Structure formats: structure tokens, C-alpha cells
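Q: I am new to this structure and would like a close look at one part of it, namely its pockets and the helices that go with them. Could you take me through that part slowly, in one connected account?

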Amino acid sequence: DQQTTSLSFPDRVKDAINTAVLSLADATTAVLNEGFVPFLLGPTGCGKTSAVSQAAIKLGARFFETAGADSWTDSDLVGVMMPNGTPMPGPIGAAMTHAEMSEDRVLVFLDEFLRLSPRAQESMMRILLPKSVDVAKAMGIDHDGPVRVTSAPFWGECWAPAEKFMIVLAANPWGNLPDPALIRRIEPIEVEFSPRVLNLFTGKAATAIEISWKGVKDGSLPLPIEYGELLRMKAPDDISFLGRYLARLQAVDPTAAAGFRTLLGHV
């Protein structure tokens with residue numbers, strides 16, 4: 001529209017990225033409002049964290065954020081009770097305790113879920129399907145609604161009311177394959193590069209962006225040209241990001257960097 005086209009190019013890029021992030025936040029919020037667990041599938045730099053934080057704001061929820069690592073155990077996520085009785089909660093234990101003990105709704109964002117060890121993933125799988133009132137009471141949990149429950153060996157069992165405890169998972173889908181048992185428990189949301197953002201760029205800049213995102217999706221490239229990088233561009237044909245992107249790509253995968261250069265040179 002006229003107001004958008006009157007903006008400077010950096011502001012137009014910012015506006016388009018914000019629109020993409022808010023659209024993803026709306027999709028995430030809609031799934032949460034239905035009582036399900038969204039699983040955002042997309043590479044780094046595509047707005048997942050920003051979108052989930054916006055979802056927390058929309059829902060008026062206390063936001064807890066953490067990212068998985070293959071060295072993490074269930075105790076790292078849930079918590080450890082020290083021998084002297086001092087509790088050392090992990091991000092999940094802290095969030096569940098907050099939801100149980102306060103009036104706040106809680107939204108936990110667990111990024112890089114597929115990087116977690118099988119043991120850590122298993123402890124999180126229990127949270128994804130709420131326990132009914134009858135099952136909760138059989139477990140000794142006195143609550144008049146469904147609950148989410150998990151545990152860790154050096155922490156014990158912890159729970160939170162399902163209506164107050166929301167969780168969003170995210171991962172790069174082109175790494176480790178998700179467990180079919182996980183897929184049954186989540187609502188996948190594929191996060192792709194916004195055409196509205198791409199359409200702002202021209203020439204070699206647009207081609208490089210498109211190649212990077214298609215390459216990430218088909219597994220030939222480990223990194224995309226991220227939204228954050230594009231916020232620094234001054235003009236539609238600005239290719240100053242290419243040097244920085246190629247340096248990062250070279251550090252991660254020299255073969256992929258060579259392939260990217262070849263593809264870009266053939267256009």
C-alpha cells in the first residue's frame with residue numbers, strides 16, 4: 001500500500017519481516033488455544049523465537065525459553081534436588097512450579113528439540129499429552145482438571161494444570177528425524193521464508209536468498225540467509241550480506257560453500 005511504499009527500504013524489510021513473524025505468532029497461538037502443542041519446523045533465523053515470544057504476549061503468559069543440546073539429560077531439563085535439600089530446578093521444573101503455585105499462565109519454548117538426547121526427549125514426551133482428572137487423582141495429584149506431568153530421577157515428579165501450562169517445540173527438520181511417537185503428540189507448523197520479504201529484493205541479492213533457503217530445505221546447505229542479516233540491507237540489490245554469509249557457510253561446511261558459489265555464479 002501507499003504507506004508501506006513510502007517507507008525507506010530498511011523499514012520496508014523490517015515491516016515485511018514483522019508481518020511474517022506476527023503471522024507465525026497467530027498460527028502458534030491458534031494451536032495453543034485449541035489445547036495442542038505446536039512444533040515449529042524451520043531453520044535458524046526464520047523468526048521462530050520472536051514468534052513464540054509474541055504468542056506469549058498475546059496470551060498474557062509468563063515466558064520461559066530454552067534450547068536443547070545433545071548433552072542434556074532429563075535432570076537438566078526438569079531439575080535436581082541437592083543432598084542438602086536445596087532445589088535446583090531446570091527450565092521445565094521452574095516453569096511447572098510457577099504454573100502450579102501462581103495464577104499465571106506459562107508458555108515454555110523448547111527450541112532445538114531434536115538435538116536432545118533420547119532420554120531427555122522421553123521426559124518431555126510425557127508432558128505433551130495431558131493426564132485426565134481421574135488419572136491425575138490416581139497419581140496422587142489433587143487438581144480438578146487435566147494436568148501435564150513429568151519427572152527426573154533426582155527431582156521426582158512435577159506437574160502443572162494443563163490449562164495454565166503451554167509448551168511450544170521447535171527444531172530444524174532437516175537434521176535428526178522426529179520420533180513417530182512425538183508426531184502423534186504435536187501439531188507441526190512449517191516455517192518457510194516469507195515471499196513478501198523475498199519480493200523486496202532484486203537481482204543477485206534475491207537469487208542468493210532464494211538459493212540459500214531452498215538449499216536448507218533440500219538439505220544441501222546447513223544455513224540460510226537469516227532475517228536478521230537482511231535487516232541490515234540498504235537497497236533491493238544490496239549484496240553486502242554475501243561475504244558474511246559465505247564466511248559462516250565456509251566455517252560450517254566448505255563443500256556447501258563451494259556449491260553455493262557455483263549455483264550463484266551460474267545465474
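A: What follows starts with the pockets and then turns to the packing of the helices.

The model is predicted, and the description is best begun at its largest pocket, which has a volume of about 230 Å³. Twelve residues line this largest pocket, and those closest to its centre are Glu192, Phe193, Glu210, Trp213 and Lys214. Two elements, helix 9 (195-198) and helix 10 (203-218), each give two or more residues to the lining, and it is helix 10 that supplies the largest share, with five residues. Sorted by class, the lining of the largest pocket holds eight nonpolar and four charged residues, with no polar ones.

Helix 10 also leads away from the pocket to a helix pair. Two packed helices are described by the angle between their axes and the distance between the axes. For helix 10 and helix 12 (residues 241-252), the axes come within 11 Å and cross at roughly 25°, which means that helix 10 is roughly parallel to helix 12. The crossing in which helix 10 passes helix 12 is left-handed. On the side of helix 10 the contact is made by Ala205, Ala208, Ile209 and Ser212, which meet Phe241, Leu242 and Tyr245 in helix 12. Of the residues in this contact of helix 10 with helix 12, six are nonpolar, one is polar and none is charged.

Helix 12 has a further partner in helix 13 (residues 254-265), and here the two axes come within 6 Å and cross at roughly 145°. From helix 12 the residues Leu242, Tyr245, Leu246, Leu249, Gln250 and Val252 take part, while helix 13 brings Pro254, Ala256, Ala257, Phe260, Arg261 and Leu264. The contact of helix 12 with helix 13 has ten nonpolar residues, one polar and one charged. Leu242 and Tyr245 of helix 12 thus appear in the contact with helix 10 and also in the contact with helix 13.

The second largest pocket, with a volume of about 160 Å³, involves another set of elements. It is lined by 13 residues, and Leu32, Gly35, Arg148, Ala162 and Glu163 lie nearest its centre. Helix 2 (9-33) and strand 8 (165-171) are the elements that give two or more residues to this lining, and the largest share, three residues, comes from strand 8. The lining of the second largest pocket divides into eight nonpolar, two polar and three charged residues.

Helix 2, in turn, packs against helix 3 (residues 48-59) at an angle of about 55°, with the axes 8 Å apart. The two helices are therefore oblique to each other, and their crossing is right-handed. Helix 2 contributes Val21, Leu22, Leu24, Ala25, Asp26, Thr28, Thr29, Leu32 and Asn33, which meet Lys48, Ser50, Ala51, Gln54, Ala55, Lys58 and Leu59 in helix 3. This contact of helix 2 with helix 3 is made up of eight nonpolar, five polar and three charged residues. Leu32 links the two descriptions, since this residue lies among those nearest the centre of the second largest pocket and is also one of the residues of helix 2 that meet helix 3.

Key
Residues are numbered from 1 along each chain as its sequence is written. This is a predicted model: local features need pLDDT of at least 70, side-chain atom pairs count only at pLDDT 80 or more; totals for chains, interfaces and linings use all residues. Side-chain values use heavy atoms; hydrogens and water are left out. On a 1 Å grid over the protein atoms alone, a cavity is a set of points where a 1.4 Å probe fits but cannot get out, and a pocket is an open set with protein on both sides within 12 Å along at least five of seven lines; lining residues have an atom within 4 Å of a point. Grid points are joined across faces, edges and corners, and a volume is the space filled by probe spheres set on the points. Helices (H or I, at least four residues) and strands (E, at least two) are DSSP runs, numbered from the N terminus. Ala, Val, Leu, Ile, Met, Phe, Trp, Tyr, Cys and Pro count as nonpolar, Asp, Glu, Lys and Arg as charged, and the others, Gly among them, as polar. Axes are lines fitted to C-alpha atoms, for helices over the stretch in contact, and angles run from 0 to 180 degrees between N-to-C directions. Angles under 35 degrees count as roughly parallel, over 145 as roughly antiparallel, 65 to 115 as roughly perpendicular and the rest as oblique. A crossing is left-handed if the near helix is turned anticlockwise from the far one by less than a right angle, and right-handed if clockwise. Contact means heavy atoms within 4.5 Å.
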